[in-house]
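Subject: The structure we talked about

Hi there,

Here is the structure I promised to pass on. Please open it beside this email, and I will walk you through what turned up.

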Amino acid sequence: MIDRNGYRPNVGIILLNSKNEVFWGKRIRQNSWQFPQGGIKSGESPEQAMYRELSEEIGLRPNHVEIVGRTRDWLRYEVPDRWIRREWRGNYKGQKQIWYLLRLIGRDSDVSLRRSSHPEFDAWRWNQYWIELDSVVEFKRKVYKQALTELSRLLKTDSCPNQSIGAGYDQKILPKGSREILADQLEVNE
C-alpha cells in the first residue's frame, strides 16, 4: 500500500524501560541497530499496526506496555534506490511513519525475539534516550532524530516531575543537530 506521493504507511516504536532507556534491536545478521517498525496493512489503524509489529518483532503484547504518546503527524524518509524492491521502483520513495512512545510495564524477560517465524532482530539492548545514531542505517537517522525530539516532551525526569527530559538533559549528549530541533520544539510547546 503506497500512497500517491510514493510513501508506504508505517509505524515506528520507541520502547522505554523504567529508567527512560530505549530498546534497540540489532537487525538479524547485520551490524545495524534500530527501533521496531513495520508497515501498516490495508484496513489497519496505526495503533493496530503498532501492536502487531510489537508482537511480531519483539514478542510483547498490549498488556506488557502502556502508550505514552505518538507523533502528531507523519514523519517521512526516503529510501535509496539500491534498497528499493525491484517491483516498487518508479513509484516508491520511502516510508511515512507514525511513531509511538511506549513504556514497558512488563519485565525484560517478556521480550522474545523468536516469537515470529521471520525474526527481525538477533539481539537487543537498552540505551540512553539520547545516544549517537551512528549504528542506524544512514537514511533513517533524520527521522529517528525527529521522532526522539518530538516525543521527548512526553518524558518526565524523576527529580522534577513537571520538566521534560529534553530540557533537563545534558545538552552535549544530544545527537548532532538535535539541540537546535529540540530548542525549536520546546519553544513551540511553551
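Let's start with some charges: Glu-44, Arg-52, Glu-53 and Glu-56 are linked in a network of salt bridges. A salt bridge here is a side-chain nitrogen of Lys or Arg within 4 Å of a carboxyl oxygen of Asp or Glu. Side chains of opposite charge can pair when their charged atoms come close. In this network, Arg-52 bridges to Glu-44, with 2.8 Å between the closest N and O atoms, and Arg-52 also bridges to Glu-53, where the closest N and O atoms are 2.8 Å apart.

Before going on, a word on the source: this is a predicted model, in which local features need pLDDT of at least 70 and side-chain atom pairs count only at pLDDT 80 or more, while totals for chains, interfaces and linings use all residues. Residues are numbered from 1 along each chain as its sequence is written, and side-chain values use heavy atoms, leaving out hydrogens and water.

Are the partners in that network buried or exposed? Buried means under 20% relative accessible area, exposed means over 50%, and partly exposed lies in between (1.4 Å probe, protein chains only). Glu-44 and Arg-52 are both buried. Arg-52 counts as buried because its relative accessibility is 16%, and Glu-53 does so because its relative accessible area is 6%.

The structure holds seven salt bridges. Another of them joins the side chains of Asp-3 and Lys-96, at 3.1 Å from N to O. This pair links distant parts of the chain: Asp-3 sits in the segment before S1 and Lys-96 in strand S7 (residues 94–104), 93 residues apart. Both Asp-3 and Lys-96 are buried.

Now for the overall picture. The protein chain has four helices and eight strands, taken from DSSP runs (H or I, at least four residues, for helices; E, at least two, for strands) and numbered from the N terminus. Along the sequence, the pattern is β-β-β-β-α-β-β-β-β-α-α-α. Of the 190 residues in the protein chain, 49% are buried. One helix to look at is H2 (residues 141–151), which is mostly covered, with eight of its 11 residues buried. Among the buried ones are Val-143, Tyr-144 and Leu-148.

Tyr-144 brings us to Gln-34, a residue of strand S3 (residues 33–34). Which residues does Gln-34 touch, not counting those up to four places away in sequence? They are Trp-24, Gly-25, Arg-27, Phe-121, Lys-140 and Tyr-144, where a contact means heavy atoms within 4.5 Å. Gln-34 is buried, with a relative accessible area of 4%.

Finally, have a look at the largest pocket, with a volume of about 740 Å³. It is lined by 26 residues, and Arg-8, Arg-27, Gln-37, Gln-95 and Glu-120 lie nearest its centre. A pocket is found on a 1 Å grid over the protein atoms alone, as an open set of points where a 1.4 Å probe fits, with protein on both sides within 12 Å along at least five of seven lines; lining residues have an atom within 4 Å of a point. The volume is the space filled by probe spheres set on the points, which are joined across faces, edges and corners. Strand S1 (7–16), strand S4 (37–39) and helix H1 (46–58) each supply at least two residues of the lining.

Happy exploring!
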